[in-house]
Amino acid sequence: MRIGILSFDHLHAEIYRENLRNIPDVELVGFSHEKLEEGAEFARRSGLNWFRKHSELLASNLNGAIICCETARHRELVEAAADAGCHILCEKPIATNLADAKAMLDACTRQGVHFMTAFPMRFAPSVTSLRAMVQKGDFGKILGINGINHSEIPTGHRTWFGNRMMAGGGAVMDHTVHLVDLFRWIFNVEIREVYAEINSLLGAPQVDVDTAGLLLLTFANGLQASIDCSWSRPTFYPRWGHLKMEVIGEKGTAVMDGFAEHLTLYSRGAPRNPSWIGFSRDPNQAMIEEFVASIRENRPPQVTWQDGYKALEVALAAYESEKLQRPVRIGSNVGQ
Amino acid sequence: MRVGIVGAGTMGAAHAAAWRSTKARLIGCSSAHQSQSDQLAWLHGIRSYRAFTDLLQEVDIVDICTPTATHRSMVLEAAHAGKHVLCEKPVALRQEDAEAMVRACEGAGVRFFVCMVVRFFPQYRLAKDLVSEGKIGNLTVLRLKRVSYPPRKKVENWYIDETRSGGMIVDLMIHDFDFARWVGGDVERVFARRSQSDQGPAEYAQAILRFKSGAIGLIEGGWAYPPGVFRTGFDLSGSDGLIEWNSDQPGPVDVLRAPGAANAAAVGLPVSGIAEDPYTIEICHAYDAIRTGKSFDVTAEDALQSLRIALAARESINTNQPAIL
């Protein structure tokens, strides 16, 4: 099985490289990156074959392509990869607007390739076990859900995250989609309405996007949930951030911490001191294995384009709500 | 100075114990429930008065710990009698009630202190001080949590009667609305949602605040956990740092027992610090300020503003639109 990584713009590309190396029958053909200086640096750091043109990598007989470019360029690379007959794993959020997202689906349908959205937290044991409890009805009627996806501002790793044109938005765009996807998957219901308060007070240099957001969602069945998607952890926090969820039910409450399993390390001269080092299995590994398995078994992946699209709709509706200062219905043509 | 307590339930008992740490003379108590008043009086060796009016005549300070719906008339009566007043939070059910109470005390020249006790919890006070000292820069986004179980008083469970307590949002979430204002300044608008159980008084609410400064905050409140479980916490994020605290953290002494032995109190009280009882700090502060004429750390205006936010949150729930303050 031949896999290529299209662009190293997204920092997850480095994780996927590790994940792919752990799968025996996968050949990681290489990565493409068209910005020459960066590409040379990533090639040196990763030890991978570097293709200076995406088209060159796509011409090397790939079964699957992982799209890790800036969000605004996903469409261009997804279309090219689909035309080259590759199955696709696309970084989240899948696009900066719904039109691009739909065009990506069209390209994949036309070429008969599958599209998987990169939502690794679906593969975290904390999430799968919470989902099993919810679906068994362990908590009775659910009164509310409290979702948190905090992180540091990611612009220290990749500057384009702070660029509105390239990323389509900041904290809300970056983090809302993860929790929306988990909500939809765990509770098996669509989001009906969203209200959001958003600000950009973090004041980092060269950032023209939002840095904090609080959302209140209503699901189609009336259930309420909050999302805190803020880049509100300092860059000197013990870890990049966290993903947490509380499910408050009549018969009990679940408190989930997706990254609870960690040690606290104090190490002289370390960039984060102390730092939290995880000891549970990297959910990205299971996600990449699912991508590879779906290609091998010639079936749709467990996480689809639809999942990426639904999550994007909510993020875009949150920006709309902030602008209008009122709750916004999902699917009411926002963000076109 | 002579002090009397009205209301001998959860808060009356907490305040009575706290008054013992002051130099004031706690002389008596009264309650609509004679037996509760008698029991509290017996415990502290003070007199149990049949009538609030009789108690009022023999004290310099009256401490009102009765259901919220009675606050207005009691504070007005105390003010007319020329007595200083301490009043449990929430100050009142309606803004006009609170304003009338403030006016009556000002008119009578007596001091009026609303017991917003969270400001006297050591961890909340320290967090406020750290924010004020600029340790985390400008506040950008904050999260406050206060989720407990439904009050289950055997006699007169007035907390769950919204017409007497204001309900969970006014009675419980007001603490965090007040703390939010204290650390974040004035609030511009609030949007809230609530979900209620079909089978009992359990409810859970989430409110998003927008501050005048541009900062935003999520306030989570509920009577939604199993009996005996009460979780609180705050997460204050600023341009230069972060403050985290939550009641799930290990305490100075955690006692492990066989599960199932929990004997939950009628009304849950949150954890504070091991050595400092916030009710005692609060009462000592109020007494000291009354005795010396110094200003209170929590003003009647603060109490009123937190009530306004709570009422706005309820309005937002009803309209499904943000409520502008």
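In what sense, and over how many bridges, do strand 1 and strand 4 of chain B pair? In this predicted model, strand 1 (residues 2-6) and strand 4 (residues 61-64) of chain B pair in the parallel sense, over four bridges. Within this pair, Val3(B) is positioned opposite Ile61(B) of strand 4.

Both strands belong to an open sheet of six strands in chain B, with the order 3-2-1-4-5-6 and parallel pairing. The edges of the sheet are formed by strand 3 (47-49) and strand 6 (112-115) of chain B, each of which pairs on one side only. On average, and with direction ignored, neighbouring strands of this sheet are turned by 25° against each other. Helix 4 (residues 71-80) of chain B lies across strand 1, strand 4 and strand 5 (84-88) of chain B. Relative to strand 5 of chain B, helix 4 of chain B runs at about 170°.

Chain B is also in contact with chain A, with 32 residues of chain B and 29 residues of chain A involved. On the side of chain B that touches chain A, two or more residues are given by each of strand 7 (139-148), strand 8 (187-196), strand 9 (203-211), strand 10 (216-223) and strand 12 (241-246) of chain B. Strand 9 of chain B provides the largest share of this side, five residues. By class, the side of chain B that touches chain A comprises 13 nonpolar, 13 polar and six charged residues.

Conventions
Residues are numbered from 1 along each chain as its sequence is written. Chains are lettered from A and ligands numbered from 1 in the order in which they are written. This is a predicted model: local features need pLDDT of at least 70, side-chain atom pairs count only at pLDDT 80 or more; totals for chains, interfaces and linings use all residues. Two residues are in contact if their C-beta atoms, placed from the backbone, lie within 7 Å. Ala, Val, Leu, Ile, Met, Phe, Trp, Tyr, Cys and Pro count as nonpolar, Asp, Glu, Lys and Arg as charged, and the others, Gly among them, as polar. Two strands pair if DSSP finds at least two bridges between them. Axes are lines fitted to C-alpha atoms, for helices over the stretch in contact, and angles run from 0 to 180 degrees between N-to-C directions.
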